[in-house]
Amino acid sequence: MTRSAPALVAALMVATLGCSSRGGGTVGAKPGREPAGEAAVSPGPPTVAAPVYDDLEPAASDDRADAGTVTIKLLADARRQAHVFWGRKDLGVAPVVLVRPRGSAPMDLTIQAPDCLPLHTRVFTDRDDTLSLRLYTEREAAGLPGYSPTAPTTTKGPTTATKTRRQF
Amino acid sequence: MTAAPPPAPARPRPQPIAAADALPALSDLPPERRAIQVVGSGENPVDADAARARGLVVVDLSDAWAPSVLEGASYRSVFTGLAADRSDGDGQPIAAGDRNYLELYGIPPALSVLRRRFLIDAQGACARAFDPDVLLAVDQIRTWGASTEQKELAKHRAREQRLRAARPDAGADDLQALAEGDGRTARDAKEHLRFEAERLAFAEAEKRLACEGLMDARKHKAGAYDTEMRTAMLDFQQKHAVMDQADIKQATLEALARQPLDNDFDALARALTERAIQAGGFIEDGSVGSSVSDPTYPTYLGADGARHRVPDLATAAREATMNALGIATPEDAVAFFRRHPRDDFRWLKVAVRLPPPPEYYSRAMDLSVEIDRGDVWYDFPFDAAGVRQPQPRERFPQLTLFVKWRGERVPLARWRTTVGGWRAEVASDGQEYYRYKGSDVGPRVWRHIVTAPVWIPPPSSPLGAMTKEKRVGGTYVRVTNYEETGPGFLSAYGMVAAIHEEMRRGPDGARFFDNGIRTHGSFDYPSLRGRFSHGCHRLYNQLAMRLFSFVLDHRRSRVTGPVAAGYRRAFWSRGEVFEMRLPTRGTYRELEPPIPVDVLEGRIKGTLTKPIAGYVPKPGVTYASRRLPTATDTPEDRAGGDAP
């Protein structure tokens, strides 16, 4: 069975609905949350006059030295009309050329094409790269590790990995 | 009712800077050439190069600091972003207000992060919010899952009713008097009093977590160790480097009972330790003996013919750095951070008179390593009836770094590590078996040190943990999970690894064989307290980075660069296809010459003197076939990570 593009989008949206409210930081060491600039509970008046600081939060950038850019080409059979997404943002139909700061964070991309399963891949920014996207129909995906013909299930909340890594 | 904060322990006052070390104040230096010197109650900007020329060491206090072993690795910027609460493990920005508490994972907070903690805690909102005496009145607070917790609370109430009824008959004035007797009623009374004390301490812990801003009291049910409080407790423990993993034991209670500024002060001391020992190029941390006053504490022969104790340079370097900053108390630290706005931590450095390196130091030290496997059991840990058999160990594995000096092996650092043992593993038939995953014994070498190493998952790796949800481009999507593969602090190989290679000499010279064992950092800090690895020798991430930073500082090496892995694997998960792409195995450095590593067999316990090869069925499991699958033994299998 294959899926239509709207169904794929819907599937992606269902997958995104189960997100954690605490952000998607590192597993096992998920970011904690503190209020900015003051404690959550103030049981009494402060014992000292509290100076006001407007620079307690992390600086926006790390002043990374300008290391130039890298060019990443994403190739796919043009007949597939494969859209490359970064989150919700549609970066276009493959072939797509991305120019990113060298050494910046990797990008997790989702490729969606009619009659194909969504493909999740990652591009790295330490060098120029060309990536040929291999898209799978449902039938082709049957040969992949982990394949199960049962209907996909969706879960809410953190993944198994998140739960097991965050040991209580 | 809250108690006044306990008086701060006496700490030595900073010594004034020696006149010979004082440099002229130069206010117009560019940041990259500027260091500070604390003189009296003020600070002078001085020329960092002039400080070095005078024999001072410039300690980097900036948010750009990272262990030197990460130099040249692209992961370095991820490390500094994590330390400064700027970004996540992929280098992507974290949401406003999120904090990375990663010290237990080898990433100490940047000084701008500590500045924030000090300046908020100095406002005193938390100082009187809890009673430390109540927290310290118990040695632990027992906690349970939700349903068991309800049962325990119900048992407690029922016990209280029984004791109230029993007290008049026993002629006891109160429960304390009842507890001083014998018999079941007295035992019940003791347990009741203990439980009561724990509940009181629990209430103080709730206040403590809330006032520190770690727990939202509106989402927490008072008196219950619910998810909100467990999460807050784990954050608290990770923030303050307590290894209790959400249990509330003695170390957690002590941290909860301390004033926030005292905890901040300890965190600052730990962060400065890493920076100071790296600036000095040191490794000796006092770990080679139980006490420097112990007469058997290791010594080395000096040029003066006298024997000198192996120094604790980590402590000395930290104290020198804090002294140079004029910081002896939390209040000093608050004053220091008030003097320096956040942007100063883009460049801030301090000129310090560190202790001189011992005479055995050089750029090419004759280093060697010994790994003692400790007590080793080869016996299968279950009897014929499937009952687990105890396999106690008195000696645990440890790694010792030596330098050869004047014909003697001088130990510099000795740390707990891990060895392999019996592990459950998914075999090629998809079923789980036991297998003895031992650690190679005999002479080996470290020839390659790998920074930001990547673990390639073997085909048998379960797929369940290979995806996760992540915020991407402002929305949540499922992505391939690279945490266990790395590069990163959660990688199965940690942030740095050394490959154990077996050197065999032949007519064509030395040949090297990789038997799959590494000494590597590990996020899995509980495993360093008595669990088994898959054969590798794990170290706490921060110690692994200290060790290999030191090795690279004091041995000749060459960067061979990122080693291509070219790994690409597609798999199916819940109706979607995921690719795992691992372009490199990490940044390799080759040591010239390699460092000898001797892995000692340890003390073999039990009846078997050799390990059982291959898989052993798990007791109580019904297998599809009686034929056992063949076991593979790749380096990736050995590292194992979190795979079963």
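The legends below describe close-up views of a predicted model with chains A and B. Residues are numbered from 1 along each chain as its sequence is written, and chains are lettered from A in the order in which they are written. Local features are taken only where pLDDT is at least 70 and side-chain atom pairs count only at pLDDT 80 or more, whereas totals for chains, interfaces and linings use all residues.

**View 1. Chain B as a whole, with its 14 helices and 23 strands.** Helices (H or I, at least four residues) and strands (E, at least two) are DSSP runs, numbered from the N terminus. The radius of gyration of chain B, taken over C-alpha atoms, is 27 Å, close to the 26 Å that the globule rule (2.2 Å times the number of residues to the power 0.38) gives for 644 residues, so the chain is as compact as a globular protein of that length. Along the principal axes, its C-alpha atoms fill a box of roughly 85 × 75 × 60 Å. The average pLDDT of chain B (the predictor's confidence in each residue, from 0 to 100) is 92, and 95% of the residues score at least 70. The model itself scores ipTM 0.79 and pTM 0.87.

**View 2. Helix α11 of chain B and what covers it.** The helix runs over residues 313–324, and its end C-alpha atoms are 16 Å apart, which agrees with the 16 Å expected for 12 residues at 1.5 Å a residue; the expected span is 1.5 Å times one less than the number of residues. Of these 12 residues, 9 are buried, where buried means that 20 or more other C-beta atoms lie within 10 Å of the residue's own, exposed means 12 or fewer, and partly exposed is in between, with C-beta atoms placed from the backbone. Among the buried residues are L313(B), R318(B), E319(B) and M322(B). The elements that cover them include β1 (34–39), β3 (57–60), α10 (260–280) and β7 (349–352) of chain B, a contact being two C-beta atoms, placed from the backbone, within 7 Å. Just after α11(B), G326(B) takes a positive phi of about 70 degrees.

**View 3. Two arginines of chain B with positive phi.** Most residues other than glycine have a negative phi, and most peptide bonds are trans. R406(B), in the loop between β10 (398–405) and β11 (408–416), has a phi near 50 degrees, and R406(B) is exposed, with 11 other C-beta atoms within 10 Å. R574(B), in the loop between β20 (557–573) and β21, has a phi of about 50 degrees, but counts as partly exposed, with 17 C-beta neighbours inside 10 Å.

**View 4. Cis peptide bonds in chain A and chain B.** In chain A, a cis bond with omega of about 10 degrees joins A94(A) and P95(A), and P95(A) lies in the loop between β4 (89–93) and β5 (96–101). In chain B, the bond from E592(B) to P593(B) is cis with omega near 0 degrees, and P593(B) is found in strand β21 (residues 576–600).

**View 5. An open, mixed sheet of 3 strands in chain A.** The strand order is β5-β2-β8, and the edge strands, β5 and β8 (129–132), each pair on one side only; strands pair if DSSP finds at least two bridges between them. Strand β2 (residues 69–75) and β8(A) pair in the parallel sense over 4 bridges, and L131(A) in β8(A) is the bridge partner of L74(A).
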